[in-house]
Amino acid sequence: MGRNLDAELLDRWTDLAGPGARELGEDLVRRYREPHRRYHTVEHLSAMLAVIDDLAADAADLAAVRYAAFFHDAVYSVDGGDNEEASAVLAESALPALGLSPETIAEVARLVRLTAGHHPAPGDRNGEVLCDADLAILAADQPAYAAYTAAVRAEYAHVPDDLFRAGRAAVLRGLVDQPHLFRTPIGRARYDEAARANLSAELATLI
């Protein structure tokens, strides 16, 4: 797929933001192509946008959700604990040039920050759609889930195995312990059972 995917993402961006925003879209795509990324890539962004398309009817402001998807991993450093905050700040600084309202920009930034923990409040329709799309990979079939976990491990190749296993297990337990891993009706029906099975199976390999 390669660079064809870049073109598809740029088309989606310009459909959303307008042709005058192409330069910003190119910058965003370049960010998802950074060489240190193994999972948080253009493929992840494309997959998220596809799930958002499926969940579109559940969003209160679909454009804001799509903007948030483009920005949610725009800043990604494996050594940084503030990637979501930095990505939200980038959105806040870049989006005014597109003529978006302050309210829309604030909503995009809020949604980006929400992906740090994936805990949308009940009734937060935009947050529910974005978080379900970000977590949909957890419900992938076995080969795709194995590729996902391998990519995450590759991003943290500099972390010793024992520390990675402990940290990864803590993240997975935090997800498993949520009463509702997915929040939209379609997300719950389509993803929840498979995601919990995948998480439980991975946890068993880490402890």
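Reader: Before anything else, what does "buried" mean here?

Author: Buried means under 20% relative accessible area, exposed means over 50%, and partly exposed is in between. Keep in mind that this is a predicted model.

Reader: OK, give me a residue to try that on. Is Gln178 buried or exposed?

Author: Gln178 has a relative accessibility of 6%, and the limit for buried is under 20%, so Gln178 counts as buried.

Reader: And where do I find Gln178?

Author: Look in the loop between α9 and α10.

Reader: Which residues is Gln178 in contact with there?

Author: If you leave aside neighbours within four places in sequence, Gln178 is in contact with Gly117, His118, His119, Arg183 and Arg196. Hang on to two of those names, His118 and Arg196.

Reader: Will do. Let's switch to pockets. What's the volume of the largest pocket?

Author: The largest pocket comes to about 850 Å³. It is lined by 33 residues, and the closest to its centre are His40, Glu84, His118, Arg168 and Val171. There's His118 from before.

Reader: Which elements give two or more residues to that lining?

Author: Those are α5 (83–94), α7 (125–135), α8 (142–155) and α9 (161–176). The biggest contributor is α9, which gives seven residues.

Reader: How does the lining of the largest pocket split up by class?

Author: You get 15 nonpolar, twelve polar and six charged residues.

Reader: And the second largest pocket, how much space lies in that one?

Author: About 340 Å³. The second largest pocket has 19 lining residues, with Tyr39, Glu43, His44, Ala47 and Ile137 nearest its centre. The elements giving two or more residues to this lining are α3 (42–54), α7 and α8. Here α3 gives the most, with five residues.

Reader: What about classes for the second largest pocket?

Author: That lining divides into 14 nonpolar, two polar and three charged residues.

Reader: Helix α7 came up for both pockets. How many of the residues of α7 are buried?

Author: Ten of its eleven, which leaves α7 mostly covered. The buried ones are Asn126, Gly127, Glu128, Val129, Leu130, Cys131, Asp132, Ala133, Asp134 and Leu135.

Reader: What do those buried residues of α7 pack against?

Author: They pack against α3, α4, α6 (102–114), α9 and α10.

Reader: Next topic, the nonpolar core. Which residues touch the most other members in the largest one?

Author: The largest nonpolar core has 63 residues, and Trp13, Phe71, Leu95, Val108, Leu130 and Leu138 touch the most other members. Helix α4 (residues 62–71) supplies the largest share of this core, seven residues. Leu130 is also on the list of buried residues in α7.

Reader: Trp13 sounds busy. What does Trp13 touch?

Author: Not counting residues up to four places away in sequence, Trp13 touches Gly18, Ala21, Arg22, Leu24, Gly25, Leu28, Tyr67, Phe70, Phe71, Leu95 and Leu98.

Reader: Arg22 is charged, right? Which residue does Arg22 form a salt bridge with?

Author: Yes, Arg is classed as charged. Arg22 forms a salt bridge with Glu26, and their closest N and O atoms are 3.3 Å apart. Both lie in helix α2 (residues 22–32), four residues apart, which is about one turn of the helix.

Reader: Are those two buried or exposed?

Author: In between, actually. Arg22 is partly exposed at 37% relative accessible area, and Glu26 is partly exposed at 29%.

Reader: How many salt bridges does the count come to?

Author: The count comes to 15. One of them pairs Asp53 with Arg12, with the closest N and O atoms 2.8 Å apart. That pair links distant parts of the chain, with Asp53 in helix α3 and Arg12 in helix α1 (residues 2–17), 41 residues apart.

Reader: And Arg196, the one I was supposed to remember? Which residue does its side chain meet in a salt bridge?

Author: Asp192, at 2.9 Å from N to O. Arg196 and Asp192 are both in helix α10 (residues 185–206), four residues apart. Asp192 counts as buried, with 17% relative accessibility.

Reader: Last one. Which residues do salt bridges that share partners join into one network?

Author: Arg12, Asp53 and Arg66.

Technical notes:
Residues are numbered from 1 along each chain as its sequence is written. This is a predicted model: local features need pLDDT of at least 70, side-chain atom pairs count only at pLDDT 80 or more; totals for chains, interfaces and linings use all residues. Side-chain values use heavy atoms; hydrogens and water are left out. On a 1 Å grid over the protein atoms alone, a cavity is a set of points where a 1.4 Å probe fits but cannot get out, and a pocket is an open set with protein on both sides within 12 Å along at least five of seven lines; lining residues have an atom within 4 Å of a point. Grid points are joined across faces, edges and corners, and a volume is the space filled by probe spheres set on the points. A salt bridge is a side-chain nitrogen of Lys or Arg within 4 Å of a carboxyl oxygen of Asp or Glu. Buried means under 20% relative accessible area, exposed over 50%, partly exposed in between (1.4 Å probe, protein chains only). A nonpolar core is a set of buried Ala, Val, Leu, Ile, Met, Phe, Trp, Tyr and Cys residues joined through side-chain atoms within 4.5 Å. Contact means heavy atoms within 4.5 Å.
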